[in-house]
Amino acid sequence: MNKEELELRKKSPVQIKNKKASFEYFFVDTFTAGIVLTGTEIKSIRAGKASLVDTYCYITNGEIWVRGMNISPYFYGSYSNHEAKRDRKLLLTRREIHKLEEATKAVGFTIVPTLIFIDQNGRAKVDIALAKGKKVYDKRQTMKEKEDRREMDRAIKHY
């Protein structure tokens, strides 16, 4: 990911993050994928009505899917409204999918969505990460580092 892409992400009007994922996993590699949505789903995402809590990705028949993503039904949608927690297809190249599939065969690795954002063309994108699960002592270390950073920020603000 280059600097220009990071700037565009920061300017995105919608940024739905999976905060729990960075606590539960070490991120080995990240990818940006498109997502196949219906009309009411993209409207709900643009309104910020989505959640990545307890989501994960799986690969079947050479296609990658995200399971557990909650996109709330669109308020103004009528009979054509979508199902909130259905599986949604992600769009990656065949080479990227094959790389992820080979990596997840190893014990302890999984694919986790980390961020939903709207790109400069108005399309919803999902950042996914190849992740390795943390042990309990790794989580304690992460909490300690976070607390130390917080204390340093407080000390700087007082002076």
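A residue is called buried here when its relative accessible area is under 20%, and in this predicted model 31% of the 159 residues of the chain count as buried.

The secondary structure of the chain comes to five helices and nine strands, which follow one another from the N terminus in the order α-β-α-β-α-β-β-β-β-β-α-β-β-α. Among contacts with a separation of 6 or more, 66% join residues that are 24 or more positions apart.

| Property of the chain | Value |
|---|---|
| Span of the C-alpha trace along the principal axes | about 55 × 40 × 30 Å |
| Exposed area | about 10700 Å² |
| Share of the exposed area from carbon and sulfur atoms | 52% |
| Distance between the centres of the positive and negative side chains | 3 Å |

The two charge sets comprise 32 positive and 21 negative side chains.

Helix α3, which covers residues 39-46, contains Ser44. The buried residues of α3 are Thr40, Glu41, Ile42, Ser44 and Ile45, and what covers them includes the strands β1 (15-17), β3 (50-51), β6 (70-71), β7 (88-91), β8 (109-118) and β9 (124-133). After α3 comes Gly48, whose phi is positive, near 80°.

Ser44 counts as buried because its relative accessibility is 2%, which is under the 20% cut-off. Leaving aside neighbours within four places in sequence, Ser44 is in contact with Lys49, Ile71, Ser72, Pro73, Tyr74 and His82. With one of these residues, Ser72, there is also a polar approach, in that a polar atom of the Ser44 side chain lies 2.8 Å from the backbone oxygen of Ser72.

Key:
Residues numbered from 1 in each chain as written. Predicted model: local features only at pLDDT ≥ 70, side-chain atom pairs only at ≥ 80, totals over all residues. Heavy atoms only, no water. Helix = DSSP H or I, 4+ residues; strand = E, 2+ residues; numbered from the N terminus. Buried < 20%, exposed > 50% of the residue type's maximum accessible area, 1.4 Å probe, protein only. Polar contact = N/O pair within 3.5 Å; in protein donor to acceptor, adjacent residues only side chain to side chain. Contact = heavy atoms within 4.5 Å. Areas by Shrake-Rupley, 256 points an atom, 1.4 Å probe, with all protein chains shown as cover. Lys, Arg positive; Asp, Glu negative; His and termini not counted. Charge placed at Lys NZ, Arg CZ, Asp CG, Glu CD.
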